[in-house]
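Here's a quick walk through this protein, written for someone who would rather be at the bench. Have a look at the fold first, and then we'll go through it piece by piece.

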Amino acid sequence: AVVSTQSRDKQVGVYWCHNQGGSQFFIFSKDYEIVALRKNDYCLDNSNYSPGATLEWYPCHKMGGNQQWAYDVKTRQLKHVPSGNCLDVKDVKAKEAIKLNLCDGSETQEWEFSKVYSKELIWNKRR
């Protein structure tokens, strides 16, 4: 499964990988944002810091906060820095919303980037 932008709304969902890019093409920016290029530079955002919270695409503002993420290249976890929770697909079916949950090292919290350009992507020091 892969993270995908869902058409016509801000919801962040999970779909089967189609390897076509488009709605499944993201970058982890030098500003520690997860950017959906198809949605005209919208970033993965969360203002609810509780475990189980869903995420939205929101215009990138480059100020960190709700859009700041850290990626650990060893564990492959994506951590939402302000909440300390990890991007998780536990109990999430195709086309359902992705959630943030307590980081527990489970396979449902492992994410892979096809290219990682910088060692700066390793856990932010705010862990």
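Two residues are in contact here when they have heavy atoms within 4.5 Å of each other. With that in hand, take the contacts in the protein between residues at least 6 apart in sequence: 46% of them join residues at least 24 apart.

Keep in mind that this is a predicted model. The average pLDDT of the protein is 77, and 67% of the residues score at least 70. One stretch to handle with care is residues 119-127, where pLDDT stays under 50. The model does give that stretch 21 contacts beyond four places in sequence, but where pLDDT is low, the predicted coordinates should not be read in detail.

**The overall picture**

What is the protein built from, helices or strands? It has 0 helices and 11 strands, so the pattern along the sequence is simply β-β-β-β-β-β-β-β-β-β-β. Out of 127 residues, 42% count as buried. The accessible surface comes to about 7700 Å², and carbon and sulfur atoms account for 48% of that.

**The four-stranded sheet**

One open sheet holds 4 strands in the order S3-S4-S5-S7, with antiparallel pairing. Its edges are strand S3 (26-28) and strand S7 (56-59), and each of these pairs on one side only. Neighbouring strands of this sheet are turned against each other by 40° on average, direction ignored.

Going inwards, strand S4 (residues 34-36) is joined to S5 by 2 bridges. Strand S5 (residues 42-45) is joined to S7 by 4 bridges. Both of these pairs run antiparallel, S4 with S5 and S5 with S7.

**The five-stranded sheet**

A further open sheet has 5 strands, ordered S6-S11-S10-S9-S8, and its pairing is antiparallel too. Strand S6 (53-54) and strand S8 (69-71) are the edge strands here, each pairing on one side only. S8 is linked to strand S9 (residues 78-80) by 3 bridges, and the two run antiparallel.

If you'd like to find your place in either sheet, these facing residues are handy landmarks:

| Residue | Stands opposite | Strand of the partner |
|---|---|---|
| Ala36 | Tyr42 | S5 |
| Cys43 | Tyr58 | S7 |
| Asp45 | Glu56 | S7 |
| Tyr71 | Leu78 | S9 |

As a reading aid while you click along a strand: in a regular strand the side chains alternate between the two faces of the sheet.

**A closer look at Gln109**

Gln109 sits in the segment after strand S11 (99-102). Is Gln109 buried or exposed? Its relative accessibility is 0%, and because buried means under 20%, Gln109 counts as buried.

What does the side chain of Gln109 reach? One target is the backbone nitrogen of Asp104, at 3.0 Å. The side chain of Gln109 also reaches the backbone nitrogen of Gly105, at 3.5 Å.

Leaving aside neighbours within four places in sequence, Gln109 is in contact with residues from several parts of the chain. Arg76, Gln77 and Leu78 are among them, and so are Cys86, Leu87 and Asp88. The list also includes Asn101, Leu102, Cys103 and Asp104. Leu78 ties this back to the five-stranded sheet, since Leu78 in S9 is the residue that Tyr71 stands opposite.

Conventions. Residues are numbered from 1 along each chain as its sequence is written. This is a predicted model: local features need pLDDT of at least 70, side-chain atom pairs count only at pLDDT 80 or more; totals for chains, interfaces and linings use all residues. Side-chain values use heavy atoms; hydrogens and water are left out. Buried means under 20% relative accessible area, exposed over 50%, partly exposed in between (1.4 Å probe, protein chains only). Accessible areas come from the Shrake-Rupley method with a 1.4 Å probe; for residues, only the protein chains shown count as cover. Two strands pair if DSSP finds at least two bridges between them. Axes are lines fitted to C-alpha atoms, for helices over the stretch in contact, and angles run from 0 to 180 degrees between N-to-C directions. pLDDT is the predictor's confidence in each residue, from 0 to 100. A polar contact is a pair of N or O atoms within 3.5 Å; within protein, one must be able to donate a hydrogen and the other to accept it, and residues adjacent in sequence count only if both atoms are side-chain atoms.
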